[in-house]
Amino acid sequence: VSNGSVSAVTSGLGVYRVTENEGIGAIARGVDVSYWQQNVNWSQVASDNVQFAMLATRFRGNVDPFFAMNAANASQAGLRLGAYIYSYATSVEMAQQEADFVLNLIKDYPISYPVVLDVEAQEMNGLTPSQIADIINAFCKKVETAGYYPMVYTNDYWISNKIDMTKVHYDVWVARYDSKPTYQGAAMWQASNQGTVNGISGNVDINFTFKDLSSKLP
């Protein structure tokens, strides 16, 4: 069979192997990439114990120039695809515009992992925890209405100090690099920003999924 070698390679994908002590309790391991990773060899990534890829959607105000190529090649390599946007929103209206930007971009791609608002920008420093919660909810509601699974990305410090989490009822992708996050119940954990993965030159963020999202994902 002409494609026999291909199927032999891809048959090993999709099963998460726990490596060393990282991600104990995790059910999947993934990477997130943006403009800075440029050209990625996704078949090599997929063979290096990676099951999902979170792709940046925006770079300097425009569509990330590598999004289309990364989305096509990562999905062809058998990875689940999610998307995120680094938020500069300081109002509910801006958060809704960011949701529209992402939704307009991803509609043509096989998104099968969460669609995420990345909340950490200095622009938000003047807002109250309640206002930031409203921004998160506005984005996530639009994403959910469009049929995707929304999530917020932030870090332990923001969760404890800057976001009114009592108002946010969406899953959290939390960043913490020195140890497991103190935030309980995170759906995803960004465990390192200095990971190395075959097929990606330089450092890459390593992420683990703890929550079985399969029933919620398109």
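Where does Ile-27 lie? Keep that in mind while reading the points below.

1. **Start with the status of the model.** This is a predicted model. Read every point here with that in view.

2. **Ile-27.** Ile-27 sits in the loop between α1 (4–10) and β1 (28–33). Its relative accessible area is 44%, so Ile-27 is partly exposed, falling between the 20% limit for buried and the 50% limit for exposed. Set aside residues up to four places away in sequence, and Ile-27 touches Tyr-16, Thr-209, Phe-210, Lys-211 and Asp-212. Now look across to Trp-158. Ile-27 and Trp-158 are 131 residues apart in sequence. In space, they are 25 Å apart, C-alpha to C-alpha.

3. **The barrel.** Eight strands form a closed barrel. Follow them in the order β1-β2-β5-β6-β7-β8-β9-β10. The pairing is mixed. From one strand to the next, the twist averages 30 degrees.

4. **Strand β5 and its partners.** Which strands does β5 pair with in the next two links? On one link, β2 and β5 run parallel and are joined by five bridges. Ala-53 has Leu-81 of β5 as its bridge partner. On the other link, β5 and β6 also pair in the parallel sense, over four bridges. There, Tyr-86 stands opposite Asp-118 in β6. β5 is mostly covered, with five of its seven residues buried.

5. **Strands β7 and β8.** β7 covers residues 150–155, and β8 covers residues 171–175. The two strands run parallel and are joined by five bridges. To check one of them by eye, find Met-151: its bridge partner in β8 is Asp-171.

6. **Helices over the strands.** Two helices deserve a look here. α4 lies across β5 (80–86) and β6. Its direction is at about 150 degrees to β5. α5 lies across β5, β6 and β7. Its direction is at about 165 degrees to β6.

7. **How α4 and α5 pack.** Two packed helices are described by the angle between their axes and the distance between the axes. For α4 (residues 92–106) and α5, the angle is about 30 degrees and the axes are 8 Å apart. The crossing of α4 past α5 is right-handed. From α4, the contact takes in Val-92, Ala-95, Gln-96, Glu-98, Ala-99, Asp-100, Val-102 and Leu-103. From α5, the contact takes in Asp-134, Ile-135, Ala-138, Phe-139, Lys-142 and Val-143. By type, the residues of this contact divide into nine nonpolar, one polar and four charged.

8. **The largest nonpolar core.** This core holds 58 residues. Which of them touch the most other members? They are Val-31, Trp-42, Val-45, Ile-106, Val-119, Ile-136 and Phe-139. Helix α5 (residues 129–145) supplies the largest share of the core, eight residues. Apart from this core lies another, of 16 residues. Its members include Met-54, Ala-56, Tyr-84 and Leu-217.

9. **Val-31 up close.** Leave aside the neighbours within four places in sequence. Val-31 is then in contact with Trp-42, Val-45, Val-50, Phe-52, Ala-53 and Met-54, among others. Its further contacts include Val-197, Ile-200, Val-204, Asp-205, Ile-206 and Asn-207.

10. **Two residues with positive phi.** Asn-49 is not a glycine, yet its phi is positive, about 60 degrees. Asn-49 is found in the loop between α2 (42–46) and β2 (52–56). Arg-60 is not a glycine either, and its phi is positive at about 50 degrees. Arg-60 lies in the loop between β3 (58–59) and β4 (62–63). Are these residues buried or exposed? Asn-49 is buried, because its relative accessible area of 2% is under 20%. Arg-60 counts as exposed, because its relative accessibility of 69% is over 50%.

11. **Ser-112.** Ser-112 is in the loop between α4 and β6 (115–118). Its relative accessibility is 14%, under the 20% limit, so Ser-112 counts as buried. What is Ser-112 in contact with, leaving aside its neighbours within four places in sequence? The contacts are Arg-80, Leu-81, Leu-217 and Pro-218.

Terms used
Residues numbered from 1 in each chain as written. Predicted model: local features only at pLDDT ≥ 70, side-chain atom pairs only at ≥ 80, totals over all residues. Heavy atoms only, no water. Core = buried A, V, L, I, M, F, W, Y, C linked by side-chain atoms within 4.5 Å. Buried < 20%, exposed > 50% of the residue type's maximum accessible area, 1.4 Å probe, protein only. Contact = heavy atoms within 4.5 Å. Axes fitted to C-alpha atoms, helices over the stretch in contact; angles between N-to-C directions. Left-handed = near helix turned anticlockwise from the far one by under 90°. Nonpolar A, V, L, I, M, F, W, Y, C, P; charged D, E, K, R; others polar. Pairing = 2+ DSSP bridges.
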